[in-house]
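The following exercises ask the reader to work through selected features of one protein chain step by step. Please consult the sequence and the coordinates while following each solution.

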Amino acid sequence: MNPRRRFFDQMAEVWDIRADASRLRRRLTSELPGFRIRSGESILDVGCGTGNLTSELVKSVGPTGRVVALDLSLKMIERARAKERGAPVAWLECDATLAPLRNETFDRVFCFSSWPHFPDPPALAGELWRVLRDGGRIHIWHSIPREAVNQIHRTSDPAVANDDLPPAHLIAELLRRTGFRIDDCRDDEAGLLVSGAKEGD
């Protein structure tokens with residue numbers, strides 16, 4: 001089994017306790033309106049984990065919208081699905097670079113607290129470009145400072161000990177090379193955010 005998959009499967013039961021899910025939900029509720037998500041949007045949540053962001057995205061897109069939540073770990077998806085029982089979410093257990101998704105399907109993609117765990121960022125960036133419509137938005141988002149993220153990983157299981165979150169400007173440069181126009185790049189004590197839009201060929 002993929003070591004990262006095994007690690008996240010093992011962590012699924014305690015993930016929300018360790019992450020202080022109630023505090024995280026309050027922060028997501030407070031900050032998500034700043035992304036200006038419109039009712040009816042189609043959104044891909046990459047590395048959805050236990051679905052804390054997924055839950056808020058479902059509320060944001062409303063009854064006419066669509067959320068697809070993807071994760072490598074089946075146990076994480078099971079925890080997320082239990083929270084959103086009956087919600088209009090499509091759950092995918094798969095490698096994000098091999099997702100069975102059609103071209104130009106989504107208005108927006110989030111990688112929330114997941115970017116360091118993808119072993120091939122250029123391949124992932126290319127896949128996110130592929131599934132976004134022209135003008136579609138991408139958000140690489142961490143709600144704690146980059147150094148705190150990296151310290152957590154370094155002192156964790158060997159499966160994720162080397163999963164470093166790079167500086168925002170390096171993520172932004174990768175996305176620019178892929179074809180995204182970057183319009184927000186922050187890396188400070190509040191966390192990390194790189195946002196941009198897909199520009200047409």
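A residue is called buried when its relative accessible area is under 20% and exposed when that area is over 50%, with partly exposed residues in between. The structure is a predicted model.

**Exercise 1. Determine which residues of helix α7 are buried, and how they are arranged around the helix.**

Solution. Step one is to apply the cut-off to helix α7, residues 146-154, where Arg146, Val149, Asn150 and His153 are buried. Step two is to look down the axis of α7: the buried residues fall within an arc of 95°, so they line one face of the helix. Step three is to identify the partners of that face. The buried residues of α7 pack against three strands, namely β5 (132-142), β6 (180-188) and β7 (191-198).

**Exercise 2. Carry out the analysis for helix α3 and state which residues are buried and which are exposed on the other side.**

Solution. The buried residues of α3 are Ala21, Leu24 and Leu28. These residues cover an arc of only 60° around the axis, which puts them on the same side of α3. On the other side of α3, the exposed residues are Arg26 and Ser30. The final step concerns packing: the buried residues of α3 are in contact with α2, α4, β4 (106-112) and β5.

**Exercise 3. Is Asn52 buried or exposed, and which side chains make polar contacts with its side chain?**

Solution. First, locate the residue: Asn52 belongs to helix α4, which spans residues 52-61. Second, compare its relative accessibility of 6% with the cut-off; because this value is under 20%, Asn52 counts as buried. Third, list the polar contacts of the side chain. One is made with the side chain of Asp16 at 3.1 Å, and another with the side chain of Thr50 at 3.3 Å. Fourth, set aside residues up to four places away in sequence; Asn52 then touches Asp16, Ala21, Leu24, Arg25, Leu28 and Lys83. Among these neighbours of Asn52 are Ala21, Leu24 and Leu28, the buried residues of α3.

**Exercise 4. Describe the surroundings of Val67 in strand β2.**

Solution. Val67 lies in strand β2. With a relative accessible area of 1%, Val67 is buried. Along the chain, Val67 and Ser42 are 25 residues apart, yet their C-alpha atoms are separated by 5.9 Å. When residues up to four places away in sequence are not counted, Val67 touches Ile43, Thr54, Leu57, Val58, Val61, Pro88, Val89 and Ala90.

**Exercise 5. What are the volume, the lining and the residue classes of the largest pocket?**

Solution. The largest pocket holds about 1000 Å³ of space. Its lining comprises 43 residues, and those nearest its centre are Phe8, Trp15, Ser113, Ser114 and His117. Two or more lining residues come from each of α1 (3-11), α2 (15-18), α3 (21-31), α4, β2 (66-71) and α7. The largest share, four residues, is given by α1. Sorted by class, the lining of the largest pocket contains 20 nonpolar, 15 polar and eight charged residues.

**Exercise 6. Describe the second largest pocket in terms of its volume, lining and residue classes.**

Solution. The volume of the second largest pocket is about 280 Å³. There are 17 lining residues, of which Phe35, Trp141, Asp184, Arg186 and Leu193 lie nearest the centre. The elements giving two or more residues to this lining are α3, β5, β6 and β7. By class, the lining of the second largest pocket divides into five nonpolar, five polar and seven charged residues.

**Exercise 7. Which residues line the largest cavity?**

Solution. The count comes to one cavity of 30 Å³ or more. About 40 Å³ of space lies in the largest cavity. The lining of the largest cavity consists of Leu44, Val46, Leu70, Ala96, Ala99, Leu101, Glu127, Leu128 and Val131. Elements β1 (42-46) and α6 (121-131) each give two or more of these residues, and α6 has the largest share with three. By class, eight lining residues of the largest cavity are nonpolar, none is polar and one is charged.

**Exercise 8. Where are Arg36 and Glu104 located, and what is phi for Arg36 and Glu104?**

Solution. Arg36 sits in the loop between α3 and β1, and its phi is near 55°, a positive value in a residue other than glycine. At 69% relative accessibility, Arg36 counts as exposed. Glu104 is found in the loop between β3 (89-93) and β4. Phi of Glu104 is near 50°, again a positive value in a residue other than glycine. With a relative accessible area of 46%, Glu104 is partly exposed.

Technical notes
Residues are numbered from 1 along each chain as its sequence is written. This is a predicted model: local features need pLDDT of at least 70, side-chain atom pairs count only at pLDDT 80 or more; totals for chains, interfaces and linings use all residues. Side-chain values use heavy atoms; hydrogens and water are left out. Buried means under 20% relative accessible area, exposed over 50%, partly exposed in between (1.4 Å probe, protein chains only). A polar contact is a pair of N or O atoms within 3.5 Å; within protein, one must be able to donate a hydrogen and the other to accept it, and residues adjacent in sequence count only if both atoms are side-chain atoms. Contact means heavy atoms within 4.5 Å. The arc is that of the directions from the helix axis to the C-beta atoms. On a 1 Å grid over the protein atoms alone, a cavity is a set of points where a 1.4 Å probe fits but cannot get out, and a pocket is an open set with protein on both sides within 12 Å along at least five of seven lines; lining residues have an atom within 4 Å of a point. Grid points are joined across faces, edges and corners, and a volume is the space filled by probe spheres set on the points. Ala, Val, Leu, Ile, Met, Phe, Trp, Tyr, Cys and Pro count as nonpolar, Asp, Glu, Lys and Arg as charged, and the others, Gly among them, as polar.
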